[in-house]
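Dear colleague,

Please find below the structure that I am handing over to you. My findings are set out after it, and I would be grateful if you could read them alongside the coordinates.

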Amino acid sequence: MIDAIRQKMSVCPSEEDRLYLLESIDEKCGFFALNGLLIFMVSSSLDKKVDMLKTEKLLLNTNVEVLNVANDSTFKAGKYDYILFNGASEETDFESFVKICTLYASEKEKISIKYFFFSILDMFQLPKEQQFKNRIGLIGELTVIMEIYDKKGISVASGWHGSSTDKYDINYQNTVIEVKTTTSDLYTVKVKHDQLFGREGVVLATVRVIESNAGDTLERLIAKINSIDIFAKDFSFQLKLGKELKRISPKEYKTKNVEVKGVRFYKNSDIATIRDIPDNITGIEYNCTLLETKETRIEELIFG
């Protein structure tokens, strides 16, 4: 769909304030061109107009009376809401916009256009370079999600970064997992004591990686994940993934190769640690070497 929309935009007339249909998703929504820019438009379910909301890349307008579309005589006039993407079709953000709006189309009866607009803002902000997150950590988290899917046949994507207040990387039903990615062949990772040992049943997943041309870029890893329908069609997962990718250096996303050398799981009850820490001492962090620690087979982890 993305390539088709790009191609149609390249030949679309540039008449001012004329609306052109590019691609229908269903009878209530689709992608259109307006003044040379892409908009996602959906039949309005709002009782009244919401104030126009605008950021550098996105604009939300609601309850707009649309009478006709220049290239579609079957278009139904009525009230519509739309989000305009203020960017070029060659941008990576263009692809992200088309993908997330397409997924939203199947959620539009449950999620308002205004809520959707606010939920995607982080995907289209321009972070400062110093705000970029280490891509290695994201590779580790996605690797664990895929490892669980491959071995257990279930997706824990809904429990990945479930809320801003959740201190664990994955919290799926009855299983909480903290993911650490390391380049150490001894599986040495830095842990926060209170986080790992503050409750029973925490699983520590460690992913060992090395920088290697034999490995994958983050871009290729995500392409593999999105080749699986259960992930590609998961609106919530794609929304969170889009936000995480906005914190990754675009250059490293496409050019830095990482090879995964191993994935291990440990129950916190099997990990040796500091004992008898007084209650008035908090915030302890330390390096923990896990090579000789008892592993837990992924098949033994409880989900549900």
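The notes below describe a sheet, the helix that packs on it, and two loop residues.

Please bear in mind throughout that this is a predicted model.

The sheet

The sheet in question is open and has 4 strands, in the order S7-S8-S10-S11, with mixed pairing. Its edges are formed by strand S7 (170–172) and strand S11 (258–267), each of which pairs on one side only. On average, and with direction ignored, neighbouring strands of this sheet are turned by 20 degrees against each other. Within the sheet, strand S10 (residues 202–216) and S11 run antiparallel and are joined by 10 bridges. At one position along this pair, Val207 stands opposite Val263 in S11.

The helix on the sheet

Helix H4 packs on the sheet, where it touches S7, strand S8 (175–182), S10 and S11. The direction of H4 makes about 65 degrees with that of S11. Helix H4 covers residues 135–152, and Arg135 lies in it. Is Arg135 buried or exposed? Its relative accessibility is 4%, so Arg135 counts as buried, the cut-off being under 20%. With neighbours within four places in sequence left aside, Arg135 is in contact with Glu211, Leu218, Ile248, Glu252, Lys256 and Val258. Of these partners, Glu211 falls within the residue range of S10, and Val258 within that of S11.

Two loop residues with positive phi

As background, most residues other than glycine have a negative phi. Two residues may therefore merit your attention when you inspect the backbone.

Asn35 is located in the loop between strand S2 (29–34) and strand S3 (37–43). The phi of Asn35 is near 55 degrees, a positive value in a residue other than glycine. Asn35 has a relative accessible area of 40% and is partly exposed.

Asp276 is found in the loop between S11 and strand S12 (285–289). Its phi is likewise positive, near 55 degrees, and Asp276 too is a residue other than glycine. Asp276 has a relative accessible area of 77%; because this lies over 50%, the residue is exposed. How far apart in space are Asp276 and Lys251, C-alpha to C-alpha? The distance is 46 Å, for a separation of 25 residues in sequence.

With kind regards

Key
Residues are numbered from 1 along each chain as its sequence is written. This is a predicted model: local features need pLDDT of at least 70, side-chain atom pairs count only at pLDDT 80 or more; totals for chains, interfaces and linings use all residues. Side-chain values use heavy atoms; hydrogens and water are left out. Helices (H or I, at least four residues) and strands (E, at least two) are DSSP runs, numbered from the N terminus. Buried means under 20% relative accessible area, exposed over 50%, partly exposed in between (1.4 Å probe, protein chains only). Contact means heavy atoms within 4.5 Å. Two strands pair if DSSP finds at least two bridges between them. Axes are lines fitted to C-alpha atoms, for helices over the stretch in contact, and angles run from 0 to 180 degrees between N-to-C directions.
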